[in-house]
Amino acid sequence: MKMKTILVFIAVFIAMFHQHTLAIIPDTIQLGQVEVRAEIQKGVGNLRKEKIDSLTLSSYKTQSLSELVQQNSNVFLKSNGPGGLATASFRGTTANHTLVLWNGFPINGPQLGQVDFSVIPVFFMDYVSLSVGNAGIQRPTGIGGVVLVDNVPEFYAGLGLNVVQSAGSFGSYGTYVSMAYGNTRLSAKTRFFRKVSRNDFDYENTATWPKRQMKQQNASYLDQGFQQEVHVQLQKSILSFVSWNQWNAHNLPPIMTNLERGGDPKEFQKDFFSRNYLSYKRLWEDGKFEFRSSVFVENQNYFLKTTSSIPPFDVVSLIDSHNKSRSWMNSFTLFQKIGIVSLAASLQYDQEEVESVNYHSLEHRQRIGINMSGEMQLSSSLHLQIQSRYDKVVNSRNGFSPFVEIEYHPVWSKSLNFSLSGGKTLRYPTMNDLHWFPGGNNLLVPEEALSANLAAEWKHKSTMLLSKTKVAFYASDIQEWIQWRPTSFRYWVPENVARVFARGLEFQQHVDYAVAKWNLGLKAHYAYTKTTDESPVAQIDNYSGRQLIYIPRHHGNLLIRANRKNLALSLGIELVGQRRTSYNDDQEWYDYLPAYQLLNLSANYNFKQFELGFKINNLLDKSYQAVMWRPMPGRHYEAVISYKFNSKNDLKE
């Protein structure tokens, strides 16, 4: 993407925002009714956190967390296409530096330490938020950022039923069902989904000469699962249990360069996971205690067979890898407010166990984490937060992670907020880094990131306009970065060799505007990211100062909405800049993936208890690749019909 396009993209939205603001700012601003709730502890600073609103969650109910995050935040998603792996990159870091917490527990697998966003259904989530700037101090790993996904109890909700059916291009169908009941003491919800697709779209193969139009083969997938949650509200406490069980079966298509090799290749991956947690929360005046315990089980089977190109198709290579992991995680957290100070202390104890054909034996790991924090309102305009974390991991270096943030609200302007924060975050090696055979390195030490974040926010509210603008500057110095490097023994070994310097700018603009009978909304995100390896090894190998692979310098998106009575329209634009795929400039155009722009349209209409929706994705039929030699679909469609029923029952005991 050319820099000119990016600058025009940002300038247009700033100009639109500025013009509307000047046009309608009155002498006296009338505020609507506001509900104020006191919180025991603020937690992650508002300027480092972005919550996905419930309207957006509802509009993505048939999508995965990958599409939700990619189109509604500054986070870049590296996708291998529909049915393929999709991982998140916060602020110039990699998938291993992105922490995903489900109800407070990390779902990053112990083997790879990353999360496939494409298999997480938005339909199963009630709350989604994204945090940056040392947000990962809550638990190790989140050097880049943290994605929080939670299930929220709905007491007093009565009896509810939600049924959603989708049908789309390439033989894609989805079924989603939710049944819920809530009264004064009980909140129970059962959710089920099933998503299947042939995934046989046409694409342009750029690996052949001349380029050819082809149909993707062996790319079908099936994802299905259910989630059960029960919450019981006692006098001053809440007991909760949630179980999330899912099965994924994905055929993996060959890359473009392998299609002409012939033979009878087969490649697929089958996964099963069961994630279960139990929590008890006790509240009292100005304080609370919370205990959480979880048991996660994951099974994975990866199969690959390649053959000769002529009959009888002799087997050339065969991989049938079975991996099992089990995690038991616990946390004890105490909150207490004393005067103007809010204090919190947390003790965490985790056990991980991995059984793999790629390890010598069954491998275990234990860790203990102690987290302490305090917040204080120093004055009417200054707020201070201090946090420290200590991690003790068996057979690894112990780590201390401090963090401090100060927020400033000028007394002369209630619309302006400023935040300055900094600290250290750790990422421990994955089980594959330590124990893979051959190549695992049990001498690895944790990665250490020193980060700083400066952010500013400006809000404006009037009778017709609600606007919020955020700008953030950040820098992270990540030492002991783990890289897998080739050896003379013809296998790769992970080493603490890289020192990565990530810095950049993030911009957000949210506007809600009411005119006539229309409610208009605009959300714009833009990120400029520069991430380079400044280690001595990079200088010797002559790639120091070059952008890390698959991290675009420019990334942005825009979502425009228009609602009137029962009709809702939306237009989405995504801009992804050029990405480096190799550090070797001798590969010429193979060294980069070109920039691309996508345009998506959707319309929804509500009548009584039904809702009809229609989406057109990639409206301009753009041919592009998000990962080298992995095709992406052109223009495709999805139709959605949903039925929602809710009946308030007698809530009296």
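Which strand holds Tyr181? Tyr181 lies in strand S9, which covers residues 172–182. This report starts there and then moves outward. The model is predicted.

## Tyr181 in strand S9

Tyr181 counts as partly exposed, at 27% relative accessibility. Asn96 is 85 residues away from Tyr181 in sequence. In space, the two C-alpha atoms are 38 Å apart.

## The chain as a whole

The chain has 5 helices and 33 strands. Its radius of gyration is 25 Å, and the globule rule gives 26 Å for 653 residues, so the chain is as compact as a globular protein of that length. Along the principal axes, the C-alpha atoms fill a box of roughly 80 × 55 × 55 Å.

Of the 653 residues, 51% are buried. Take the contacts with a separation of 6 or more: 63% of them join residues 24 or more positions apart.

## Surface and charge

The chain exposes about 31200 Å². Carbon and sulfur atoms supply 59% of that area.

There are 67 positive and 56 negative charges in the chain. The mean positions of these two sets are 5 Å apart.

## Confidence

The chain has a mean pLDDT of 89. A pLDDT of 70 or more is reached by 90% of the residues. Residues 1–42 have a pLDDT below 50. Beyond near neighbours in sequence, that stretch has 59 contacts in the model. Residues 649–653 also have a pLDDT below 50. This second stretch has 9 contacts in the model beyond near neighbours in sequence.

## Pro106 in strand S5

Strand S5 spans residues 105–106, and Pro106 belongs to it. Is Pro106 buried or exposed? Pro106 counts as buried, because its relative accessibility is 15%, and the cut-off for buried is under 20%.

Which residues does Pro106 touch, not counting those up to four places away in sequence? They are Leu99, Val100, Leu101, Arg139, Phe296 and Met329. Thr141 is 35 residues from Pro106 in sequence. Their C-alpha atoms are 9.3 Å apart in space.

## Gln479 in strand S24

Gln479 sits in strand S24, residues 465–486. Gln479 counts as partly exposed, with 29% relative accessibility.

Leave aside the neighbours within four places in sequence. Gln479 is then in contact with Glu447, Glu448, Leu450, Ala498 and Arg499. How many residues along the chain separate Gln479 and Ala449? They are 30 residues apart, and 6.3 Å separates their C-alpha atoms.

## Two cis peptide bonds

The Trp209 to Pro210 peptide bond is cis, and its omega is near 0°. Pro210 is found in the loop between strand S11 (202–205) and strand S12 (212–215).

The peptide bond from Phe437 to Pro438 is also cis. Here omega is near -5°. Pro438 lies in the loop that runs between helix H4 (431–435) and strand S23 (447–461).

## Positive phi at Tyr550 and Lys608

Tyr550 is not a glycine, yet it has a positive phi of about 60°. Where does Tyr550 lie? Tyr550 is in the loop between helix H5 (536–540) and strand S27 (554–564). Its relative accessible area is 12%, so Tyr550 is buried.

Lys608 is another residue other than glycine with a positive phi, near 55°. Strand S31 (596–607) and strand S32 (610–617) flank the loop that holds Lys608. Is Lys608 buried or exposed? Lys608 counts as exposed, because its relative accessibility is 85%, and the cut-off for exposed is over 50%.

## Gly577 in a loop

Gly577 lies in the loop between strand S28 (567–576) and strand S29 (579–580). With a relative accessible area of 1%, Gly577 is buried. Gly577 and Glu204 are 373 residues apart in sequence. Their C-alpha atoms are 20 Å apart in space.

Key. Residues are numbered from 1 along each chain as its sequence is written. This is a predicted model: local features need pLDDT of at least 70, side-chain atom pairs count only at pLDDT 80 or more; totals for chains, interfaces and linings use all residues. Side-chain values use heavy atoms; hydrogens and water are left out. Helices (H or I, at least four residues) and strands (E, at least two) are DSSP runs, numbered from the N terminus. The radius of gyration is taken over C-alpha atoms; the globule rule is 2.2 Å times the number of residues to the power 0.38. Buried means under 20% relative accessible area, exposed over 50%, partly exposed in between (1.4 Å probe, protein chains only). Contact means heavy atoms within 4.5 Å. Accessible areas come from the Shrake-Rupley method with a 1.4 Å probe; for residues, only the protein chains shown count as cover. Lys and Arg count as positive and Asp and Glu as negative; His and the chain ends are not counted. The place of a charge is taken as NZ of Lys, CZ of Arg, CG of Asp or CD of Glu. pLDDT is the predictor's confidence in each residue, from 0 to 100.
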